[in-house]
Amino acid sequence: MGEIVRPARIVEGRLRSLAAVYGGVMRTSMIRTVQYRANTLIELALMVAEPVVYLVVWQIVARTNDGSVDGFTAGRFAAYFIAWSWVRTFVQGGSPGNWERRVRDGSMAGFLMRPIHPVHQNLALWVGFGIARATMWIPAGAVLVLIFRPELHTGALQLLVFPVAVAMAMLARTFTQDTIGAGAFWFTRISAIGSIVGLVELLTSGRLVPLELLPGWAQAVSWALPFRWTFAFPIEALIGPMSSGRLFTGLAMEAGWLVVMWMVLRVVWSRGIRHFSAVGG
Amino acid sequence: MSSVRGERGRIPHGIAVTAVHLRVNILNELQYRSNFFVQLLQTVLMTVNGVLIVALVYSKVDDLNGWRRSELLAAIGVFTIVGGIMRAFIQPAITRMIEDVEEGTFDFVLTKPVDAQLLMSVRQIEIWQLADVVVGIVIVAIAAPTLPAGLGIEEILSFLALLAAGAVIAYSMWVAIACAVFWVVRMPYLDNFFFYIARAAQFPISIYPTWLRIGLSTIVPLGLAVSAPAQAITSRLTWTTVATVCAVMIAFVALSRALWKKGLRTYTGASA
């Protein structure tokens, strides 16, 4: 008779292996980011260019409009779009096109052979990329701060909430992209659906413009969708000012959407995987 | 005598190869008609985003560095047209070239008896992306009646000429960027590059401060490629802009061709 292994020890063992895999994959993706540094630097430059264009336009609008737009001064726009740039760099979370490619060329079979769920592998990969890129972003961010002079109203509570909000945003975005990507088990052109969702996200997440500037109906739409909570909220939490009530409401909304997305991902994935049949990989 | 025949024969051969590839690509794309509706939905959403931003900006101010509402709307239309041309003809070819270099299958392009850059450029197109061009023309048509200086034949002709020049600039810029793959081998985020650069070029560059205007005219000249036709259609075109477009176009065509040739000498193949 062998030793009886208690369930608690099995769970502990599984968690330990999962942590080891996460550590390994994250380390690999960080090394890849640095290894392909020319690519990373070009992408970072372009990722910074997008918010800088929005920032410049809205600063012109603020200056033309007696210094501010709905309470947003040039300095506050600077704070918003510089924080935007860092958050976007960190929470990219992959693309449905990656899953589409893996299903199409059969390499998904290789992912399924490993003793860890593909979603875990993907998450670890993008957290690693996010950490490496967000670190490489710092010199560019310092230049933006010197040029645009952001105006921050950040309290101690906001500094505590911000990392939690960003971490949840990272998870939520990865789950959303993975859920759309799992559609590749049924449809061959899932990246087009991803682009359509991306365009809805563009407007309702605060990427084009701070959501406070949108008309009432558009703000109401953004409240009902997850993208506001997984992009604009961490930024607003960092740049402030934000009351404790709004901070906790935001965290609760973000956590709620995270749970919903995780459940949807589980359902879509478990059903979709039954449709997968591929050779090669 | 044979060399003369060779030179004379080369141009028709190139045109024939281009025509065959375009025809095969179009036939291939026509098999997937539902893609047109997916593309149309994407275009409509992108346009709604652009139009909403214009509406939002002009709900706060009457004038954005000299650009009035109808002029900026026309500029958004031009941006949509240039974006459509880029996504239909340039992006698919560049993306495939990069995938081929990564996988080593680019050898099959190099072994064909035709100029490799020409073949790379015409073998992959996505015609449904031309929905953007249609939507862009509709936006320009909507803005046209309220343009302060009106829209005459002179504006339309200069717009078309600068649109063609802009397309050449955009093509050359992307070839120059893509040539980096011969040295770095992998360019995994290229799709993102297309997206970010396009977002940066959505407003006319004359709105921006000088440093950004110079950057979007020379380092990443897509801003100029979009702005120049937008200026033409809004009667803002100056000879300085025309001269800048010509100079940037010539410089980028020469640069992209030089990088292409240098890159090919570096390329060693990966699998074949």
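Trainee: Is A:Asp70 buried or exposed, and how do I tell?

Mentor: Keep in mind that this is a predicted model. To judge burial, count the other C-beta atoms within 10 Å; 12 or fewer means exposed. A:Asp70 has 11 of them, so A:Asp70 is exposed. You'll find A:Asp70 in the loop between strand S1 (68-69) and strand S2 (72-73) of chain A. A:Asp70 also has a positive phi of about 45°, although it is not a glycine.

Trainee: Which residue of chain B has a positive phi without being a glycine?

Mentor: Look at B:Asn65, with a phi of about 45°. B:Asn65 sits in the loop between helix H2 (34-60) and H3 of chain B. Because 16 other C-beta atoms lie within 10 Å, B:Asn65 is partly exposed.

Trainee: Where should I look for a cis peptide bond?

Mentor: Check omega. The bond joining A:Gly240 and A:Pro241 is cis, with omega about -10°. A:Pro241 belongs to the loop between helix H10 (227-239) and helix H11 (244-272) of chain A.

Trainee: How do I check the length of a helix, say helix H7 of chain A?

Mentor: Use the rise of 1.5 Å a residue. Helix H7 (residues 156-182) of chain A has 27 residues and should therefore span 39 Å; its end C-alpha atoms are 40 Å apart, which agrees. H7(A) is mostly covered, too, with 20 of its 27 residues buried.

Trainee: How many residues does each chain bring to the contact?

Mentor: Chain A brings 29 residues and chain B brings 33 residues. On the side of chain A that touches chain B, helix H2 (37-64) and helix H8 (190-204) of chain A are the elements giving two or more residues. H2(A) supplies the largest share, 14 residues. Sorted by class, that side of chain A has 21 nonpolar, five polar and three charged residues.

Trainee: And the nonpolar core: which residues have the most contacts inside the largest one?

Mentor: Those are A:Ala83, B:Val78 and B:Ala170, in a core of 145 residues. H3(B) gives the largest share of this core, 19 residues. Apart from this core lies another, of eight residues, including A:Val103 and A:Ile180.

Trainee: What does B:Ala170 touch, leaving out residues up to four places away in sequence?

Mentor: B:Ala170 touches B:Val82, B:Met86, B:Ile90, B:Leu222 and B:Ala225.

Trainee: Why does B:Thr95 count as partly exposed?

Mentor: Because B:Thr95 has 18 C-beta neighbours inside 10 Å. B:Thr95 lies in helix H3 (residues 69-103) of chain B.

Key:
Residues are numbered from 1 along each chain as its sequence is written. Chains are lettered from A and ligands numbered from 1 in the order in which they are written. This is a predicted model: local features need pLDDT of at least 70, side-chain atom pairs count only at pLDDT 80 or more; totals for chains, interfaces and linings use all residues. Two residues are in contact if their C-beta atoms, placed from the backbone, lie within 7 Å. Helices (H or I, at least four residues) and strands (E, at least two) are DSSP runs, numbered from the N terminus. Ala, Val, Leu, Ile, Met, Phe, Trp, Tyr, Cys and Pro count as nonpolar, Asp, Glu, Lys and Arg as charged, and the others, Gly among them, as polar. A nonpolar core is a set of buried Ala, Val, Leu, Ile, Met, Phe, Trp, Tyr and Cys residues joined through C-beta atoms within 7 Å. The expected span of a helix is 1.5 Å times one less than its number of residues.
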